[in-house]
Amino acid sequence: MTSYLLLFFSFATLVFMLFYLFLFIYFISGWQKLKLFIGTQYREATRFSIIIPARNEEKNIASCINGIIQQDYPTSAYEIIVIDDCSDDKTAQIVNDLIAKSPNTNIRLIRLGERKDLPQNSFKKFALSQGIAQSQYPWIITTDADCAHPKYWLAAFASFIEKYDPVMVSGPVELAPLKNDTLGAYQALEFSGLIAIGGACMQHKSPNLCNGANLAYRKDIYHEVGGYKGIDDIASGDDELLMHKIAAKYKDRVMFLKSKEATVTTAPQPDMKSFIQQRKRWVSKSRKYSKKGITFILSSAYLFNLLLVVNLLLSFYSVYFLLLFGLSLFIKLLVEYIFLGSAVRFMGQKQLMKKFLPASLVYVLYVLFIGIYGNFGRYNWKGRNVK
């Protein structure tokens, strides 16, 4: 190997290693500065329209709705709108049964039919937009049909909104893997990190990540930025891409609610096939990121992980590359351990750190695979073949 190649790989490794180090210092500082919000008190109940898009959710929808109607919050201050997105199971029937059994609670069902005039892949965004169009209240909260909501979920949001006057609030979402579910534990560890990265960046006034399973925003602001117009041609992105549009005008008022009372819970994907399909859906929206800084960060993190593998392979040629690999791996494990440890402690899932070392090593290969695979071809989601 020529001295020029040695110099190139050395320089590239050091550059991306330092980038990764400072990137995680940025995340760590933002997450630590983000104060834990403790409070469920409010002077006047904020009125919420809770939008739940559902497709073939007969196993989950009753539990989701029952958890919401058991909130410690005035029933007159919220409505639940379930949008049945062409389910071929008993989702709609179950919702109608709940409506009949809960006459004092404002639950509505909107049933959609298959439409061929929609932009390609816009199914979920269309469902959400229909719910928002028929909503009555000034604040929208989106959540998923497979989520569980704590007793003070709405009260925590109301208290936070009253105190800080945001236009968009991202709430925490945690995955709850079953005991001895290694794949689920890996997903939960990664997911905690993604949620914390989103919160850290909002603290730094640079919103980039959020999750539509627990996302609130003012309806007038949604309309002001044009809703999903311009981002309705991909299946994913009803959360982050909308946040980017709102943050372009109101970045100081897009905030993260770091509160256990506001944390919703859902289950990880049950098997590797569904996990890969979900992650492919997530990666697909990166093509629509309007903020080039996010694309740069993702690309640089990808290259750092790629160089880890390259240096490991080149270590068979020279021990010098083994030293580069070892130093890079040490930096990666150190900053990730500090950051993820803080994130899972907030989630109350510190036992996940027992999986940290193997998960972090596997994650290198996972990032390299999904970063490429996620940008090509179609995938199956909720029984639909989308791109």
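Which elements do the buried residues of α4 pack against? They pack against five strands, β1, β2 (78-85), β3 (107-112), β4 (139-142) and β7 (215-218), and against the helix α7 (219-224). The model is a predicted one. Its protein chain has 387 residues, with a secondary structure of 12 helices and 11 strands. The radius of gyration is 22 Å and the globule rule gives 21 Å for 387 residues, so the chain is as compact as a globular protein of that length.

**Overall dimensions and surface**

- Along the principal axes, the C-alpha atoms of the protein chain fill a box of roughly 75 × 45 × 45 Å.
- Buried residues account for 55% of the 387 residues.
- The accessible surface of the chain is about 17,800 Å², and carbon and sulfur atoms contribute 60% of that area.
- Of the contacts between residues at least 6 apart in sequence, 83% join residues at least 24 apart.
- The chain carries 45 positive and 30 negative charges, and the mean positions of these two sets are 5 Å apart.

**Helix α4**

- Helix α4 covers residues 123-133.
- Its buried residues are Lys125, Phe126, Ala127, Leu128, Ser129, Gly131 and Ile132.
- The packing partners of these buried residues include β1 and α7.

**Aromatic pairs**

- The count of aromatic pairs in the model is 25.
- One of them is formed by phenylalanine 37 and phenylalanine 160, whose rings are edge-to-face, with 5.2 Å centre to centre and 85 degrees between the planes.
- This pair links distant parts of the chain, 123 residues apart: phenylalanine 37 sits in the loop between α1 (3-33) and β1 (48-54), and phenylalanine 160 in helix α5 (residues 153-164).
- Both phenylalanine 37 and phenylalanine 160 are buried.
- Tyrosine 337 and phenylalanine 356 make another edge-to-face pair, at 5.3 Å centre to centre and with 75 degrees between the planes.
- Tyrosine 337 belongs to helix α11 (residues 319-347) and phenylalanine 356 to helix α12 (residues 356-373), so the pair ties together parts that are 19 residues apart in sequence.
- Burial differs within this pair: tyrosine 337 has 46% relative accessibility and counts as partly exposed, whereas phenylalanine 356 has a relative accessible area of 6% and is buried.
- Why does phenylalanine 356 count as buried? Its relative accessible area of 6% falls under the 20% limit for buried residues.
- A cluster linked by ring pairs takes in Tyr20, Phe24, Tyr26, Phe27, Phe304 and Phe339.

**Positive phi outside glycine**

- Cysteine 86, which is not a glycine, has a positive phi of about 60 degrees.
- The residue lies in the loop between β2 and α3 (91-101), and cysteine 86 counts as buried at 15% relative accessibility.
- Asparagine 180 also has a positive phi, near 65 degrees, in a residue other than glycine.
- Asparagine 180 is placed in the loop between β6 (173-175) and α6 (182-203).
- Is asparagine 180 buried or exposed? With a relative accessible area of 73%, asparagine 180 is exposed.

**Exposed residues and C-alpha separations**

- Lysine 33 is in helix α1 and is exposed, with a relative accessible area of 53%.
- From lysine 33 to asparagine 180, the C-alpha separation is 34 Å, and the two residues are 147 residues apart along the chain.
- Arginine 43 is located in the loop between α1 and β1, and its relative accessibility of 75% makes it exposed.
- The C-alpha atoms of arginine 43 and proline 358 are separated by 48 Å, with the residues 315 apart along the chain.
- Leucine 365 is part of helix α12 and counts as exposed, at 54% relative accessibility.
- Leucine 365 and leucine 308 are 57 residues apart along the chain, and their C-alpha atoms are separated by 9.9 Å.

Conventions
Residues numbered from 1 in each chain as written. Predicted model: local features only at pLDDT ≥ 70, side-chain atom pairs only at ≥ 80, totals over all residues. Heavy atoms only, no water. Helix = DSSP H or I, 4+ residues; strand = E, 2+ residues; numbered from the N terminus. Rg over C-alpha atoms; globule rule 2.2 N^0.38 Å. Buried < 20%, exposed > 50% of the residue type's maximum accessible area, 1.4 Å probe, protein only. Contact = heavy atoms within 4.5 Å. Areas by Shrake-Rupley, 256 points an atom, 1.4 Å probe, with all protein chains shown as cover. Lys, Arg positive; Asp, Glu negative; His and termini not counted. Charge placed at Lys NZ, Arg CZ, Asp CG, Glu CD. Phe/Tyr/Trp six-rings, centres within 6.5 Å; stacked < 30°, edge-to-face > 60°.
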